[in-house]
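The exercises below are intended for a reader who meets this structure for the first time. Each consists of a task and a solution in steps.

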Amino acid sequence: HLSDCVWNSPYSTKVITSSFDKTLKVWDVQTGREIHTLVGHELEVVCVATSPNGLLCASGGMDDIAIIWDIELGTEKFNLMGHEGEVIALDFSPCGEKLVTGSMDESVRVWNVANGSQLHKFEGHTAEVNQVKFNCFGNMIVSGSIDTTCRLWDVATGESKLLKGHTHEVVDCDFSPDGWTCASASDDTTIRIWDVLTGGCIMLLVGHTEG
């Protein structure tokens, strides 16, 4: 079971895939050759993200850990331990200095990419966190949860705004490119657009018939 795949942007010369076989693989898209197999997770690998400079990737697994990898060397840089549940989602900040992770333990955590240390633990969700994303400025994070809500987190202070309106779990969320709005998609079949400054829902998109 392949679980995720990402490019090594901005170069777009490699694709990194994660799998339930407990590994990740780095592929050369010009030759089709497998360059590296990344071994370090003890259970299935669920998600993968690449750093903005395309030199690192991070993976999350059912073993409750995230790992930062050197894509070029195919080596593990840091093992990020602290979550008490499966790591479901992760994202690098725009400058690549921080990594955010979301987990089945209901927490959102922020890590220092340079040394692997945990910078913040954000708590507020009451069920597993399905998605986490930085905004374009790197100062805010949006998280979406099975608890039907999203939260906007101030990275510096840990303060959060609750985005409430969905009636079933939030399966995905992301900021607009300019960072002033964010969108969430839910199993209630709707998409909501939110104002980041106020936390208010400014648009409800209805049309899907299944979540």
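**Exercise 1. State what share of the residues of the chain counts as buried, and describe the surface.**

Solution.
- Step 1. The model is a predicted one, and 51% of the 211 residues of the chain count as buried.
- Step 2. The area that the chain exposes is about 9,700 Å², of which carbon and sulfur atoms supply 52%.
- Step 3. The chain carries 13 positive and 30 negative charges, and the mean positions of these two sets are 4 Å apart.

**Exercise 2. Determine the secondary structure content of the chain and judge how compact the chain is.**

Solution.
- Step 1. The chain contains 20 strands and 0 helices.
- Step 2. For 211 residues the globule rule gives 17 Å, and the radius of gyration of the chain is 17 Å, so the chain is as compact as a globular protein of that length.
- Step 3. The C-alpha trace spans about 45 × 40 × 30 Å along its principal axes.
- Step 4. Among contacts with a separation of 6 or more, 35% are made by residues 24 or more positions apart.

**Exercise 3. Locate Arg151, decide whether it is buried or exposed, and describe its surroundings.**

Solution.
- Step 1. Arg151 belongs to strand β15, which covers residues 150-154.
- Step 2. The cut-off for buried is under 20% relative accessible area. Arg151 has a relative accessibility of 15% and therefore counts as buried.
- Step 3. Apart from residues up to four places away in sequence, Arg151 touches Gly124, His125, Ile141, Val142, Ser143, Ser160, Lys161 and Leu162.
- Step 4. With one of these residues, Ser160, the side chain of Arg151 makes a polar contact to the side chain at 3.0 Å.
- Step 5. Val196 is 45 residues from Arg151 in sequence, while the C-alpha atoms of the two are 10 Å apart in space.

**Exercise 4. Describe the positions of Thr148 and His166, and find which side chains make polar contacts with the side chain of His166.**

Solution.
- Step 1. Thr148 is placed in the loop between β14 (140-145) and β15. His166 is in the loop between β16 (160-163) and β17 (170-175).
- Step 2. Thr148 counts as buried because its relative accessibility is 19%. His166 counts as buried because its relative accessibility is 5%.
- Step 3. Beyond its neighbours within four places in sequence, Thr148 is in contact with His166, Thr167, His168, Glu169 and Val170.
- Step 4. On the same basis, the contacts of His166 include Thr148, Ser184, Ser186, Ile191, Arg192 and Trp194.
- Step 5. The contacts of His166 also include Asp188 and Thr190. The side chain of Asp188 makes a polar contact with the side chain of His166 at 3.0 Å, and the side chain of Thr190 makes one at 3.3 Å.

**Exercise 5. Place Asp63 in the chain and identify the side chain that a polar contact of 3.0 Å joins to it.**

Solution.
- Step 1. Asp63 is found in the loop between β6 (56-61) and β7 (66-70).
- Step 2. The relative accessible area of Asp63 is 14%, so this residue is buried.
- Step 3. Leaving out residues up to four places away in sequence, Asp63 touches His41, Glu42 and Leu43.
- Step 4. The side chain sought is that of His41, joined to the side chain of Asp63 by a polar contact of 3.0 Å.
- Step 5. Val46 and Asp63 are 17 residues apart in sequence, and their C-alpha atoms are 9.8 Å apart in space.

**Exercise 6. Examine the backbone at Pro10, Lys22 and Glu106.**

Solution.
- Step 1. Pro10 is in the loop between β1 (2-7) and β2 (14-19). The peptide bond that joins Ser9 and Pro10 is cis, with omega about 5 degrees.
- Step 2. Lys22 is in the loop between β2 and β3 (23-28). Although Lys22 is not a glycine, its phi is positive, about 80 degrees.
- Step 3. Glu106 is in the loop between β10 (98-103) and β11 (108-112). Glu106 is not a glycine either, and its phi is positive at about 80 degrees.
- Step 4. Lys22 counts as partly exposed because its relative accessibility is 37%. Glu106 counts as partly exposed because its relative accessibility is 31%.

Note on methods. Residues are numbered from 1 along each chain as its sequence is written. This is a predicted model: local features need pLDDT of at least 70, side-chain atom pairs count only at pLDDT 80 or more; totals for chains, interfaces and linings use all residues. Side-chain values use heavy atoms; hydrogens and water are left out. Helices (H or I, at least four residues) and strands (E, at least two) are DSSP runs, numbered from the N terminus. The radius of gyration is taken over C-alpha atoms; the globule rule is 2.2 Å times the number of residues to the power 0.38. Buried means under 20% relative accessible area, exposed over 50%, partly exposed in between (1.4 Å probe, protein chains only). Contact means heavy atoms within 4.5 Å. Accessible areas come from the Shrake-Rupley method with a 1.4 Å probe; for residues, only the protein chains shown count as cover. Lys and Arg count as positive and Asp and Glu as negative; His and the chain ends are not counted. The place of a charge is taken as NZ of Lys, CZ of Arg, CG of Asp or CD of Glu. A polar contact is a pair of N or O atoms within 3.5 Å; within protein, one must be able to donate a hydrogen and the other to accept it, and residues adjacent in sequence count only if both atoms are side-chain atoms.
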